[in-house]
2 protein chains.
Amino acid sequence: MKNLTLKHLRYFEALARHGHFGRAADACAISQPALSMQIKELEETLGTALFERTARQVRLTGFGEEFAERVQDILRSVDELGDLARASCDRLVGRLRIGVIPTIAPYLLPTFIGNLSRLYDGLDIRVRETVTPKLIHELTEGRLDTAIVALPVSEPSFEEVALFAEDFVLVRPDSDANKPVPSAETLREMRLLLLEEGHCFRDQALSFCKVHAAPPRELLDGSSLSTLVQMVGAGIGVTLIPEMAVPVETRSAAVSIARFSAPQPRRTIGMIWRKSSPLADQLMQISDVVRQSADTLRAARKEPMINSPV
Amino acid sequence: MKNLTLKHLRYFEALARHGHFGRAADACAISQPALSMQIKELEETLGTALFERTARQVRLTGFGEEFAERVQDILRSVDELGDLARASCDRLVGRLRIGVIPTIAPYLLPTFIGNLSRLYDGLDIRVRETVTPKLIHELTEGRLDTAIVALPVSEPSFEEVALFAEDFVLVRPDSDANKPVPSAETLREMRLLLLEEGHCFRDQALSFCKVHAAPPRELLDGSSLSTLVQMVGAGIGVTLIPEMAVPVETRSAAVSIARFSAPQPRRTIGMIWRKSSPLADQLMQISDVVRQSADTLRAARKEPMINSPV
DNA sequence: ATTCTTCATCAGAAATTCTTATCCAACCGA
DNA sequence: TCGGTTGGATAAGAATTTCTGATGAAGAAT
């Protein structure tokens, strides 16, 4: 026999409500014969009568009543599908899976997540913090919607937009505070503490010291910037950290910060996503939110703690 | 724009499941362009992309996933409408999709299907043979009407009725026929052939040997009882099989059967279905048919081949 | 008996949904 | 880098579905 269609159900519902073929047909904006036929077809499909046609009125059968209840639920669910789609149309809704590299995440995310969820209420934001190659992999496989990493990434299937540039600063023990800032070359002679392999920031720092193949004289791997700074505080060596990490990481360590001169080491942070992503437009908007968040952080650093927090 | 139809939703569901236009179209028994068009139309109607089409794969968007969940509910409800109608004309007609675990199916089904289709003439019986977790999943999703599995299943949303208990017997090489029957403990010292992981019967057999954590000394996985018995015949080890499998599986192998003493290993076979299934009443009747079929088999085993088949 | 109301039926028109054929882009192995 | 292959999109016409307007039939009201 024929298939059940939503049309059948909609017509059925109208007829059940009006108890009158003509008026129900009007309500459905079709002719009365059309309705008759569809109802008949529905009953044949089901193999059971839904209505009892007396001369005076059209009444639901016992089975029809049970059927009607379920149909109402279904139609409501279907209509909600439409609402859902309409709601999600221009405003970003649902789930946003965002990846961030570890040398950015702790500093940028608090501000950024705040801004983002203020802007897109009800958005389910999920953060993944790991190194760039893993982020790229998960992005490719569709397990992430976007990622914040150091550019360039150079994946032809990815869109990439720059967010901001970020200088690297030198972290030394407090005792060295008044010594001259070493050059990239002299840095090579010092005990340089770096993140373990896999972190792009490690490579960026090494590249500044112009050591590609051979690492500096002595080198010690830490698994987070926080660890590195604490070790510097303990007098074990020096390290580089991105500017953005300064407020958080140097708060509780006996270290001093110095900027390099002339060829400032720096990197560009950007956002990437699959060119084919249907969220492309929204992601472009979101990149603005990231930029703003970064600006806010930068400003806060320039005039720190005018209003000290509780 | 156009209206949402069930056809749209059905096609959408198929595409979501297969992640491939061609295969989904096959599953819907239409051509690939027809599917493409309907999906496109659906997306236009909703005003949002549901799928992300990359060269390699077709993937649900975030919104698509949310949509898919709701659609599944709706489709299940709609299918249940049909079931409801069928059930209402108290005799079962139409389609019955029944799942059976592999360690039961080959022995029980021939008899059962015969009995069932004799009783319900014109019933379209569809059998699915796979392991319990998959059956449960498909039952939940409304892709099966009922399943025959080992109890308990303990899904609160399922009805479960016991059908019969089934002893496990030991299968040994013919040469061992006169040796004493090993206990569960000594069994552990022998080379025990078992079904591969995922089969509930494997776990039931292991549980009898009281090995939960550590498996027996040597263990070899086979993918069907038939394989296991053949391997026993070849002298590779011993195995357990359910009583019901004995006539079929030991017909063509040089093996002997032994029953265990005292604490006979056994399991309970039962039937399960969704509590909300409108077929509930009919399924209860059908469970009687299964029981009868099992009894018939058991009787046939006691007095084998009085009338030998042609 | 006649007329009205209401639903069913029919035939042809309109709209839709499908199929086949073809295209095009991305990928893959050589 | 080049053909071959895969997988989805597009187009045109065929098949099917769904609708309308005309008409029929049956019970109720006058």
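This is a selection-by-selection tour of two protein chains and the two DNA strands beside them, in a predicted model.

**Stop 1: DNA strand C**

Select DNA strand C and show the protein residues around it. You should get 20 residues. The closest are A:Ser36, A:Arg53, B:Tyr11, B:Ser31 and B:Arg56. Both chains are on that list.

Now color the selection by residue class. Nine residues are nonpolar, six are polar and five are charged.

Next, color by secondary structure. Chain A brings α2 (21-28) and α3 (32-46), each with at least two residues of this surface. Chain B brings α1 (6-18) and α3 (32-46), again with at least two residues each.

Which parts of DNA strand C lie within 4 Å of the protein? Sugar or phosphate accounts for 71% of those atoms, and bases make up the rest.

**Stop 2: individual contacts on DNA strand C**

Zoom in on B:Tyr11. An N or O atom in its side chain sits 2.7 Å from a phosphate oxygen of DNA strand C.

Move to A:Phe21. Here the backbone does the work of contact: one of its polar atoms is 3.3 Å from a phosphate oxygen of DNA strand C.

Then pick A:Gln32 and display the bases. A base nitrogen of DNA strand C lies 3.0 Å from an N or O atom in the side chain of A:Gln32.

**Stop 3: DNA strand D**

Switch the selection to DNA strand D. There are 22 residues around this strand. A:Lys2, A:Tyr11, A:Ser31, B:Ser36 and B:Arg53 come nearest.

By class, the surface near DNA strand D holds ten nonpolar, six polar and six charged residues.

Chain A now supplies α1 (6-18) and α3, and chain B supplies α2 (21-28) and α3. Each of these helices gives at least two residues. Highlight α3(A): its five residues are the largest share of the surface near DNA strand D.

Repeat the 4 Å selection on the DNA side. Of the atoms of DNA strand D within that distance of the protein, 67% belong to sugar or phosphate, and the rest to bases.

**Stop 4: individual contacts on DNA strand D**

Start at A:Tyr11. A phosphate oxygen of DNA strand D is 2.7 Å from an N or O atom in the A:Tyr11 side chain.

Go on to A:Gln38. An N or O atom in its side chain is 3.1 Å from a phosphate oxygen of DNA strand D.

Finish at B:Phe21. A backbone N or O atom of this residue lies 3.2 Å from a phosphate oxygen of DNA strand D.

**Stop 5: chain B against chain A**

Hide the DNA and select the interface. In chain B, 31 residues are in contact with 29 residues of chain A. The two chains bury about 2,400 Å² between them, 69% of it on carbon and sulfur atoms. In chain B, select B:Glu52, B:Leu81 and B:Leu84. These three lose the most area to chain A, together 22% of what that side buries.

How many salt bridges does the rule find across the interface of chain B and chain A? The count is three. To view a salt bridge, show the side chains of B:Glu80 and A:Arg70, with N to O at 3.5 Å. At pLDDT 80 or more for both partners, one residue pair is in polar contact between the chains.

Last, color the chain B side by element. The elements giving two or more residues are α1, β1 (51-53) and α4 (62-88). The largest share, 16 residues, comes from α4(B). By class, this side divides into 14 nonpolar, ten polar and seven charged residues.

Conventions. Residues numbered from 1 in each chain as written. Chains lettered and ligands numbered in written order. Predicted model: local features only at pLDDT ≥ 70, side-chain atom pairs only at ≥ 80, totals over all residues. Heavy atoms only, no water. Near = heavy atom within 4 Å. Polar contact = N/O pair within 3.5 Å; in protein donor to acceptor, adjacent residues only side chain to side chain. Helix = DSSP H or I, 4+ residues; strand = E, 2+ residues; numbered from the N terminus. Nonpolar A, V, L, I, M, F, W, Y, C, P; charged D, E, K, R; others polar. Contact = heavy atoms within 4.5 Å. Buried area = accessible area lost by both parts, 1.4 Å probe. Salt bridge = Lys/Arg side-chain N within 4 Å of Asp/Glu carboxyl O.
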